[in-house]
Amino acid sequence: MATVERDVRIAVDAAVLHGDLVLPPGSRGLVLFAHGSGSGRQSPRNRQVAAALQRHGVATLLFDLLTLDEEAIDRRTAHLRFDIDLLSARLVAVTDWANRQAGRLPLGYFGASTGAAAALVAAARRPAVITA
C-alpha cells in the first residue's frame, strides 16, 4: 500500500481552509499542525517535522488557519495571527473534520507560537478526541 497524499479543503463557517493530508500505509495516528504567527502549511520547518512523522507511520495534516484574503490583511495589520479565539475555533472545526475523516486514528496537535496557544485551547475543548 502506498502513501496517500491529498489536497483538502475544509469548510469552517464562511471560510474554506486549505490543507495537505498525508496518510502513510498503516498510519498509527494523525497529527494536525497549528501554525504560529504568520506561518502556514508551506513552512519548511513544519514540513520537515511532518516528513519525519510520516516516515514513522504517523499521518499529518498541514493546513492554513487563515484564508488567503485573511493572510493578506494580516500581513498589513498582524492582528489575526494573535486572535487565539479565532485560531482555536478553526482548529476545533478542523479537528472535528479530521475525526470524521480519520475514523479510529488517534489525533494529536503540533503547534508553535500562537499555534501552540490555539492547540492548547482546542485540546481543552476536545479532550475526548485529542490524545497528544
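**Charged pairs and an aromatic contact**

With a relative accessibility of 17%, Glu70 counts as buried, since the cut-off for that label is anything under 20%. The model is a predicted one, so values given here are computed from it.

Glu70 also has a charged partner. Its side chain meets that of Arg90 in a salt bridge, with N and O 2.6 Å apart. Arg90 sits in helix 3 (residues 84–102) and Glu70 in helix 2 (residues 68–77), so this pair ties together parts of the chain 20 residues apart in sequence. Arg90 is buried too, at a relative accessible area of 8%. Taken as a pair, then, Arg90 and Glu70 are both buried.

This contact is one of four salt bridges in the structure. In general terms, side chains of opposite charge can pair when their charged atoms come close. Another of the bridges joins Arg47 to Asp20, whose closest N and O atoms are 2.4 Å apart. Here the link runs between distant parts of the chain, from Arg47 in helix 1 (residues 44–55) to Asp20 in strand 2 (residues 15–23), a separation of 27 residues. The two ends of this bridge sit in unlike surroundings: Asp20 is buried, with a relative accessible area of 12%, whereas Arg47 comes out as partly exposed at 32%.

A similar split turns up for Asp74 and Arg81, which form a salt bridge with their closest N and O atoms 2.7 Å apart. Asp74 is buried, its relative accessibility being just 3%. Arg81, by contrast, counts as partly exposed at 22%, because buried residues have to fall under 20%.

Back to helix 1, the home of Arg47. This helix has 12 residues and covers 16 Å from its first C-alpha to its last, close to the 16 Å expected at 1.5 Å a residue. Just after helix 1 comes Gly57, which takes a positive phi of about 80°.

Then there are the aromatic rings, where the count comes to one pair. It consists of Phe33 and Phe110, with ring centres 5.0 Å apart and planes at 45°, so the pair is tilted. Like Arg47 and Asp20, these two residues link distant parts of the chain: Phe33 belongs to strand 3 (residues 30–34) and Phe110 to strand 5 (residues 107–111), 77 residues apart. Phe33 is buried, with a relative accessible area of 0%, while Phe110 is partly exposed at 28%.

Terms used. Residues numbered from 1 in each chain as written. Predicted model: local features only at pLDDT ≥ 70, side-chain atom pairs only at ≥ 80, totals over all residues. Heavy atoms only, no water. Helix = DSSP H or I, 4+ residues; strand = E, 2+ residues; numbered from the N terminus. Buried < 20%, exposed > 50% of the residue type's maximum accessible area, 1.4 Å probe, protein only. Expected span 1.5 Å × (residues − 1). Phe/Tyr/Trp six-rings, centres within 6.5 Å; stacked < 30°, edge-to-face > 60°.
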